Amino acid sequence: MQLFIFDDYESLSHRAADEIISLVKQKPNAVLCLAAGNTPVLTYKYLVQKARDENIDFSNCVFIGLDEWVGIPPENEGSCAWFLRKNIFNNLNFLPSRIHLFDALAVDLHTECNAMDRVIFYAGGIDLMVVGIGMNGHIGFNEPGTSFDLYSHISQLDATTRLVGQKYFKEQTSLGLGLTLGLKHLLESKKVVLLANGRSKADIIQKALLGEINPAVPASIIRRHTESIIMIDKEVASHLKQKDN
Ligand code: F6R
């Protein structure tokens, strides 16, 4: 695990975008899993700029969606699908046939999860995951208490996620379940980049990086991954004190 502390959100986002660009240059058919959420918005903006400047082709890449709110259609602005379309797919030349997102309206959610696991398996595994961290330490919708040993699954969203998640929606929205890749996908992914910025993430990052590696703080799993990079800004790092021995 490597930890990088940046002066600000802008420099963090540049570095994260460079990570994606450099992989795609090296492996044009890379399998990418890029999270939705506020944290990576600037990373994706810079990714699009850099891809244009350097003429990077994403048409051979495979895109794997990390998660989705069950029951929320892709036309809803709060859905992960809508976010990804706006910030990534509309601006980079991913082929629609290589974009795999959970269908959160599927009648059989278990089948949906199994289908996603098969896609990842036949794609040869994920090369790079770029993830954020929730206020409760979740990654994707792997909520506190979720086993590190799961692939895609249906997640019972916890109270924090249901509350904080309202920020993505125009109106009060009932959120109960999510579909998500599992933490086993994260462990098996060739590389993981975890991004966090702003003072509100300082406490949970401190727990994830300095507390026990334990499903109570799902993001703590990042320390089990040898090729993980944590990118945080100074505000997040301000709470990162060594544990008393
Ligand atoms: C989004 C996702 C979530 C977010 C996390 C942080 O696809 O998987 O786990 O990464 O909730 O969200 P933001 O970045 O909005 O603080």
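The following questions and answers concern the ligand site and overall fold of this protein.

The model is predicted, so local features need pLDDT of at least 70 and side-chain atom pairs 80 or more, while totals for chains, interfaces and linings use all residues. Residues are numbered from 1 along each chain as its sequence is written, and side-chain values use heavy atoms, without hydrogens and water.

Me: How many residues surround the ligand?
Reply: A residue is counted if one of its heavy atoms lies within 4 Å of the ligand. The closest are Thr 39, Asp 67, His 138, Tyr 168 and Lys 201, and the number that surround the ligand is 15.

Me: Which side chain has an N or O atom 2.9 Å from an oxygen atom of the ligand?
Reply: Polar contacts here are pairs of N or O atoms within 3.5 Å. Ligand oxygen atoms lie 3.0 Å from a polar backbone atom of Ala 36 and 2.9 Å from one of Gly 140. The side chain asked for belongs to Lys 167.

Me: What is the radius of gyration of the protein?
Reply: The protein has eight helices (DSSP H or I, at least four residues) and 10 strands (E, at least two). Taken over C-alpha atoms, the globule rule (2.2 Å times the number of residues to the power 0.38) gives 18 Å for 245 residues, and the protein is as compact as a globular protein of that length because its radius of gyration is close to this, at 17 Å.

Key:
Polar contact = N/O pair within 3.5 Å; in protein donor to acceptor, adjacent residues only side chain to side chain.
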